[in-house]
Amino acid sequence: MPELPEVEVTRISLAERLAGARVLAARAGKPLRWPLGCQVHSLAGLTVGLLARRGKYLWMPLEGPPARRGGLLWHLGMSGSLALVAGAQREHGSHDHFDLLTTAGMLRLTDPRRFGAVVWSSALDADPARRLLAKLGPEPFDPAVTAARLHAACRARRTSIKAALLSGELVVGAGNIYACEALFVAGIDPRLRCDRLSRVRVERLLAALRLILSRAIELGGTTLRDFRDAHGMAGAFQSEARVYGREGMACARCGSTIRRVVQQQRSTFFCPSCQTR
DNA sequence: CGGGACGCCTGTGAGC
DNA sequence: TGCTCACAGGCGTCCC
């Protein structure tokens, strides 16, 4: 589910509520992608700081005495979501794999496929957090990301532009939905080799990506099935998708039939007329 | 070294 | 109705 917009929507819906809250207890359910890396009871007594996002990860600082302080790095995987759970619903279900009971409510990670993770790290720039974030590209809204720099990065890669976007090494944040949608807006064939993109087309792609990601955040993300923000609200971007999931349907812009191809084991949707090589 | 396939895990919908 | 198969929002690891 969660690409950058869904993770950012989650962050926004949680940050103010949790800031300053005290951790009362924690509970781990079935194993997630990586082990937690600390004892659940060692989290009690720490104070939640301001939630931050890096790529599709959330960083939750946990303040306390120097020997105990650190934070939790969260990832929602394919099917994860975070919710502030009301008191009456504290009984956990079979897909609820991590609970953080705080003075501001209970934060619960629900993740049927368990590709997500919650990992303790003593600091964001210490392992294991440092290692997990080490290969991430720059944030798409970072002003330091310019068309010129993105173009230079593109010229060094021979894979398809779709695969390059998904890798998160050019810029982080685009997953399968937003990579497809941004390439549609930019009018670029997803099969085009990264190093063949002209400077002007890279400029259009960067603008399209920023437009799509910011619009998705405004709309509360995309809810295909599971995604909810921390208050249980579904996103609405799915109704603005122009190509993703629309194989065989008419392109809203030109009427051509939307196609699906497979690139690196992932579906890619595109309009064969609007998107060119 | 870059690039692509694999595997992790569970649920769902389509087709027979 | 019940079975099997394809596919699903991510990403670290392995192999060529």
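The exercises below work through a predicted model of a protein chain with DNA.

Residues are numbered from 1 along each chain as its sequence is written, and chains are lettered from A, ligands numbered from 1, in the order in which they are written. In this predicted model local features need pLDDT of at least 70, side-chain atom pairs count only at pLDDT 80 or more, and totals for chains, interfaces and linings use all residues; side-chain values use heavy atoms, with hydrogens and water left out.

**Exercise 1. Describe how domain 1 and domain 2 of chain A meet.**

Step 1. Find the bounds. Domain 1 covers 4-133 and domain 2 covers 147-270. Such bounds come from an automatic or database domain assignment. The C-alpha centres of the two domains lie 28 Å apart.

Step 2. Count the contacts (heavy atoms within 4.5 Å). Here 18 residues of domain 1 touch 17 residues of domain 2.

Step 3. Take the buried area, the accessible area (1.4 Å probe) that two parts lose on being put together, summed over both. Between the domains this is about 1400 Å². Carbon and sulfur atoms give 67% of that area. In domain 1, Pro5, Glu6 and Val9 lose the most area to domain 2, together 35% of what that side buries.

Step 4. Look for polar links. A polar contact is a pair of N or O atoms within 3.5 Å; within protein, one must be able to donate a hydrogen and the other to accept it, and residues adjacent in sequence count only if both atoms are side-chain atoms. The interface has 6 residue pairs in polar contact, both residues at pLDDT 80 or more.

Step 5. Name the elements. Helices (H or I, at least four residues) and strands (E, at least two) are DSSP runs, numbered from the N terminus. Helix H1 (4-18) and strand S6 (81-85) each supply at least two residues of the domain 1 side. H1 gives the largest share, 10 residues.

**Exercise 2. Find which residues come nearest to DNA strand B.**

Step 1. List the neighbours, with a heavy atom within 4 Å of the strand. There are 13 residues around DNA strand B, and His95, Arg114, Arg158, Thr159 and Gln264 come nearest. Sugar and phosphate account for 72% of the strand's atoms that come within 4 Å of the protein.

Step 2. Check the polar side-chain atoms. One in Gln264 lies 2.6 Å from a phosphate oxygen of DNA strand B. For Gln265, an N or O atom of the side chain is 3.2 Å from a phosphate oxygen. Arg113 has a side-chain N or O atom 3.1 Å from a base oxygen.

**Exercise 3. Locate the salt bridge of Glu139 and the backbone features at Pro128 and Arg114.**

Step 1. A salt bridge is a side-chain nitrogen of Lys or Arg within 4 Å of a carboxyl oxygen of Asp or Glu. The structure holds 17 of them. Glu139 pairs with Arg54 at 2.9 Å, N to O. Glu139 is in the loop between helix H2 (129-133) and helix H3 (147-155) and Arg54 is in strand S3 (residues 52-54), so the pair ties together parts 85 residues apart in sequence.

Step 2. Most residues other than glycine have a negative phi, and most peptide bonds are trans. A cis peptide bond joins Asp127 and Pro128, with omega about 5°. Pro128 lies in the loop between strand S9 (117-121) and H2.

Step 3. Arg114 is not a glycine, yet its phi is positive, about 60°. Arg114 sits in the loop between strand S8 (105-110) and S9.
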